[in-house]
Amino acid sequence: MWICPACQSPLTLVERTYKCASGHTYDVAKEGYVNLLLAQHKRSKEPGDNKQMVNARRSFLEQGYYQPLAQRMAEVLEQFSRSVPASDIEGLAAERLINLFDVGCGEGYYLDHVLTRLNEHQDSFVVKGAGLDISKIAVQKAAKKYSASEFCVASSFAIPIPDASQQGVIQVFAPSSEQEILRVLDDDGVWLQVNPAAEHLAELKACVYAAPAEHKSALPVPAGFELCHEETVTFSFTLDSSDMRLNLLMMTPYYWSTSVQNTQRIKDLLTNVSAQFSLRLLRKNAGS
Ligand SMILES: C[S@@+](CC[C@H](N)C(=O)[O-])C[C@H]1O[C@@H](n2cnc3c(N)ncnc32)[C@H](O)[C@@H]1O
Ligand SMILES: [Zn+2]
């Protein structure tokens, strides 16, 4: 599944080491992931989300606060797979395998949710999951908890998987390269993008900024893709403990710009929170 980040040739697993034909080697870590991040793709010693942010996100997500989003992502992908033309379904049924890749997977929550749901809800093919993140601690946690999928540490700007190898890519609040996603998707492959919409965490932002700016949501359709589906997912939830309020703050970039007083206000007062996400399903144009 992985390719060598140094020479792009396929990697073969021999015992617990991935090897390429040119002799580059990458050991599998005890949690089951492989680190394919080359020094030249690192801008700092420990890039990506740090331990504190990853732990906060894991604690928050496992309480199910964002489950409505994860469910909707699975439904949109499922809807797409049902709308594949019959001729293509025959092809898929013959292979009985759909590869789904999460770019910037964090601690793995969304990939696992979507994968589980897709595999439970249809029986014409099997979905196989994999993901990458540039944060080693995030990938460690993902691999340890979600052993049904494969994970690597890598940059989404140099995805270490072969051309046209994926039928679906998901990307939730993570940076990516449009060209890389185009490269790894097969013809008619789909890319599900999730970004914050205008009202996302409005109550939290009001505690941090005097005049909160709205998230920008109107993104252009990237070259090589067509827009199949677009929607806004809105729901609200209640945070009953100051720990959870702090977790929510710590998994956002606002944490770094919040004063000690505002952090305390959030811990004491932030109970009702609105979540709003923009979902887009893009399909690779055949021949791109
Ligand atoms: C807001 S978090 C979202 C994580 C996950 N998708 C989720 O929603 O739970 C953004 C993630 O992007 C990762 N990230 C940042 N820059 C990256 C890059 N160049 N390549 C891959 N991942 C990156 C961070 O480490 C972090 O895990
Ligand atoms: Zn190599």
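The expected span of a helix is 1.5 Å times one less than its number of residues. I wanted that first, for a look at H4 in this predicted model.

**Helix H4**

I looked up H4, which runs over residues 109-121 and has 13 residues. From first C-alpha to last I get 18 Å, close to the 18 Å expected at 1.5 Å a residue. Next I asked which residues of H4 are buried. My list reads Tyr109, Tyr110, Leu111, Asp112, Val114, Leu115, Arg117 and Leu118.

**Confidence**

I checked how far to trust the model. The chain averages a pLDDT of 91, and 92% of the residues score at least 70. Residues 83-87 have a pLDDT below 50, and I note that this stretch makes two contacts in the model beyond near neighbours in sequence.

**The largest pocket**

I put its volume down as about 960 Å³. The lining takes 42 residues, and those closest to the centre are Asp49, Arg57, Phe173, Ala174 and Pro175. Which elements supply at least two residues of the lining each? I found helix H1 (51-61), H4 and strand E6 (126-133). H1 gives the largest share, four residues. So H4 from my opening entry turns up again here, as a supplier of at least two lining residues. By class I wrote down 24 nonpolar, eleven polar and seven charged residues for the lining.

**Two residues on H1**

I stayed with H1 and picked glutamine 52 and phenylalanine 60. Glutamine 52 lies in this helix, and phenylalanine 60 is found there too.

Is glutamine 52 buried, exposed or partly exposed? Its relative accessibility is 37%, so I count glutamine 52 as partly exposed; the band for that call runs between 20% and 50%. Leaving aside neighbours within four places in sequence, glutamine 52 is in contact with Met250, Tyr255 and Trp256. I also took a C-alpha distance to leucine 132, which is 80 residues away along the chain, and got 19 Å.

Phenylalanine 60 is buried, because its relative accessible area is 0%. With neighbours within four places set aside, I listed its contacts as Tyr65, Tyr66, Phe237, Leu239, Met244, Asn247, Leu248 and Met251. I paired phenylalanine 60 with tyrosine 26 as well: the two are 34 residues apart along the chain, and their C-alpha atoms are separated by 32 Å.

**Valine 103 on strand E5**

I moved to strand E5 (residues 97-103), where valine 103 lies. The relative accessible area of valine 103 is 0%, so I have it as buried. What does valine 103 touch, not counting residues up to four places away? I wrote down Leu132, Ser156, Ile159, Val169, Ile170, Gln171, Ala174, Pro175, Ser176 and Ile181. Two of those names, Ala174 and Pro175, were already in my notes among the residues closest to the pocket centre. Isoleucine 181 got a distance of its own: valine 103 is 78 residues from it in sequence, yet 8.7 Å away in space, C-alpha to C-alpha.

**Threonine 263 on H9**

Threonine 263 lies in helix H9, residues 260-269. With a relative accessible area of 14%, threonine 263 is buried, as the cut-off is under 20%. Not counting residues up to four places away, I found that threonine 263 touches Leu246, Leu249 and Thr258.

**Positive phi in the loops**

I then looked at backbone angles. Glutamate 15 has a phi near 55°, a positive value in a residue other than glycine. I placed glutamate 15 in the loop between strand E1 (12-14) and strand E2 (17-19). Buried or exposed, then, for glutamate 15? Exposed, because its relative accessibility is 74%.

Leucine 201 also got an entry, with a phi near 50°, again a positive value in a residue other than glycine. Its place is the loop between strand E9 (185-196) and helix H7 (202-208). I have leucine 201 as buried, because its relative accessible area is 3%.

Conventions: Residues numbered from 1 in each chain as written. Chains lettered and ligands numbered in written order. Predicted model: local features only at pLDDT ≥ 70, side-chain atom pairs only at ≥ 80, totals over all residues. Heavy atoms only, no water. Buried < 20%, exposed > 50% of the residue type's maximum accessible area, 1.4 Å probe, protein only. pLDDT = per-residue confidence, 0-100. Contact = heavy atoms within 4.5 Å. 1 Å grid on protein atoms, 1.4 Å probe; cavity = no way out; pocket = protein on both sides within 12 Å on 5 of 7 lines; lining within 4 Å. Points joined across faces, edges and corners; volume = space filled by probe spheres on them. Nonpolar A, V, L, I, M, F, W, Y, C, P; charged D, E, K, R; others polar.
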